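Reader: I would like a close look at one part of this protein, taken slowly and then set into its surroundings. Please keep to what can be computed from the coordinates.

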Amino acid sequence: MNWQTFKSLHELYVEGKTRYRSSLDKEPVFKYYAAQAKELLITKNEILVRNKASFEKSYSSRYLDKYNICKKLLDDIGENTPQCRFEDTDILCLHEMKEQMETGLLQEIRQQIIDSNETRRGVSNMFFKHEKHLDTSEALERAVKTILQIEAFADTRDHQYLYVLQCLHPKAIVLCENLYFLKMPEKARNNKLELWYAGGRNVEKLKYSNHRNLPIYYICDWDHDGLDIYKSVKEKLPQIQLLTPNGAGRSILLTEHRSLWRYPDSPELLSGLEADLLTTGQQQLIQTLITEDKWIVEESNDLMVLLQS
């Protein structure tokens, strides 16, 4: 839900009522509380709480902590305005980004963004759902710049720079589909790992990279897109090996994930992926994920255990 909806929901918690707006009729959270839970009474001008004690219990357990986190973040960066329409998921992403800046985890990545004159879409691909996410909101882009303390992103669409978390005397290289593991530099360095991030499908630059004859692996979301990217990666780096995940599968439906498996009624088709690039065990895992309509998030893996095995 967007921030204005969240504020209306919180006002119900605090005041027991909020001003009716037709846009709230389309919000799933209000539909749930009004129709399914029967907690709300909707009139022409107001929305009223029927049973304050029951609603307070439900709201406080589901939303109160999230609201407080979102409000503090928006207050801190000066974006808590009547015009703010950020989605709660984006605000929480900004909150995580701000925490990681304050603890120093993003300092190296921030410097690389500056040094490489990174594009808006490149930054969007690092922190949000897809590369075009920041294109839709100047305010959200402004918030990201505020938190990263960067004045401007390049406007060109090509993402040409490879992000590298270096270490002394690396034993292996891991190319990551997402940025997650690069935010934990000490863990990678303590295990003699060099981590690369190319930016999702932006793998053309890999043909210019030098892996120095080190073993090189690919870790990704195990969904159609993540594994489809592996084919392009393999064309640029034939020696790279795909890591089989040890993370748990998550429901595509419940997580509202956008990368859907192809041919769900025929798991043996492996979603159209090339079987020759996959081991027998990897093919079996993909078939299981397709059958159960699940995916495995890259960051749910224990990378060090994967490499040891």
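Where is the place of H169? Please start there and work outwards.

Author: The model is a predicted one, and everything below should be read with that in mind. The place of H169 is in the loop between β4, residues 163-165, and β5, the latter strand covering residues 172-176. H169 has a positive phi of about 50°, although it is not a glycine. As background, most residues other than glycine have a negative phi. Because its relative accessibility is 66%, above the 50% cut-off, H169 counts as exposed.

A second residue with a positive phi can be set beside it: D293, not a glycine either, has a phi of about 55°. D293 is placed in the loop between α10, residues 280-292, and β10, residues 294-295. With a relative accessibility of 36%, D293 falls between the cut-offs of 20% and 50% and therefore counts as partly exposed.

From the loop that holds H169 one can go on to strand β6, where L195 is found. The relative accessibility of L195 is 1%, under the 20% limit, so this residue counts as buried. Leaving out residues up to four places away in sequence, L195 touches Y163, V164 and L165, together with V174, F181, L182, A188 and L303. The contacts of L195 thus include Y163, V164 and L165, and residues 163-165 are strand β4, one of the two strands that flank the loop of H169. The C-alpha atoms of L195 and I216 are separated by 9.6 Å, with their positions 21 residues apart along the chain.

The next residue to consider is H211, which lies in the loop between β6, residues 193-197, and β7. At 14% relative accessibility, again under 20%, H211 counts as buried, whereas H169 counts as exposed. Not counting residues up to four places away in sequence, H211 touches I173, W196, I216 and Q239. H211 and L237 are 26 residues apart in sequence, yet their C-alpha atoms are 9.1 Å apart in space.

W196, which H211 touches, is also among the members of a nonpolar core of 30 residues that includes I240, I286 and W295. That core lies apart from the largest one, which has 61 residues. Those with the most contacts inside the largest core are L9, L94, I113, F127 and L148, and its largest share, nine residues, comes from helix α3, residues 52-77. Leaving aside neighbours within four places in sequence, L9 is in contact with M1, V29, F30, Y33, F55, Y59 and Y63. Several of these partners return in an aromatic cluster formed by W3, F6, Y13, Y32, Y33, F55, Y59, Y63 and Y67.

Strand β5, at the far end of the loop of H169, also leads to a cavity. A search of the whole structure finds one cavity of 30 Å³ or more, and its volume is about 30 Å³. The lining consists of L175, C176, E177, A198, G199, G200, V203, Y218, I229 and V233, with β5 and α9 each supplying at least two of these residues.

Y218, one of the lining residues, takes part in an aromatic pair as well. The count of such pairs comes to twelve. The rings of Y218 and Y230 have centres 5.7 Å apart and planes at 15°, under the 30 degrees that mark the limit, so the pair is stacked. This pair links distant parts of the chain, since Y218 belongs to strand β7, residues 216-219, and Y230 to helix α9, residues 224-236, twelve residues apart. Y218 and Y230 are both buried. A ring contact of another kind involves K145, which lies over the face of F153 at 5.6 Å from the ring centre.

For the whole in which these parts sit, the protein has eleven helices and ten strands. Its C-alpha atoms fill a box of roughly 70 × 50 × 35 Å along the principal axes, and 47% of its 309 residues count as buried. Among contacts with a separation of 6 or more, 65% join residues 24 or more positions apart.

Conventions: Residues are numbered from 1 along each chain as its sequence is written. This is a predicted model: local features need pLDDT of at least 70, side-chain atom pairs count only at pLDDT 80 or more; totals for chains, interfaces and linings use all residues. Side-chain values use heavy atoms; hydrogens and water are left out. Rings of Phe, Tyr and Trp (its six-membered ring) pair if their centres lie within 6.5 Å; planes under 30 degrees apart count as stacked, over 60 as edge-to-face and the rest as tilted. Helices (H or I, at least four residues) and strands (E, at least two) are DSSP runs, numbered from the N terminus. Buried means under 20% relative accessible area, exposed over 50%, partly exposed in between (1.4 Å probe, protein chains only). A charge sits over a ring if NZ of Lys or CZ of Arg is within 6 Å of the ring centre and within 35 degrees of the ring normal. A nonpolar core is a set of buried Ala, Val, Leu, Ile, Met, Phe, Trp, Tyr and Cys residues joined through side-chain atoms within 4.5 Å. Contact means heavy atoms within 4.5 Å. On a 1 Å grid over the protein atoms alone, a cavity is a set of points where a 1.4 Å probe fits but cannot get out, and a pocket is an open set with protein on both sides within 12 Å along at least five of seven lines; lining residues have an atom within 4 Å of a point. Grid points are joined across faces, edges and corners, and a volume is the space filled by probe spheres set on the points.
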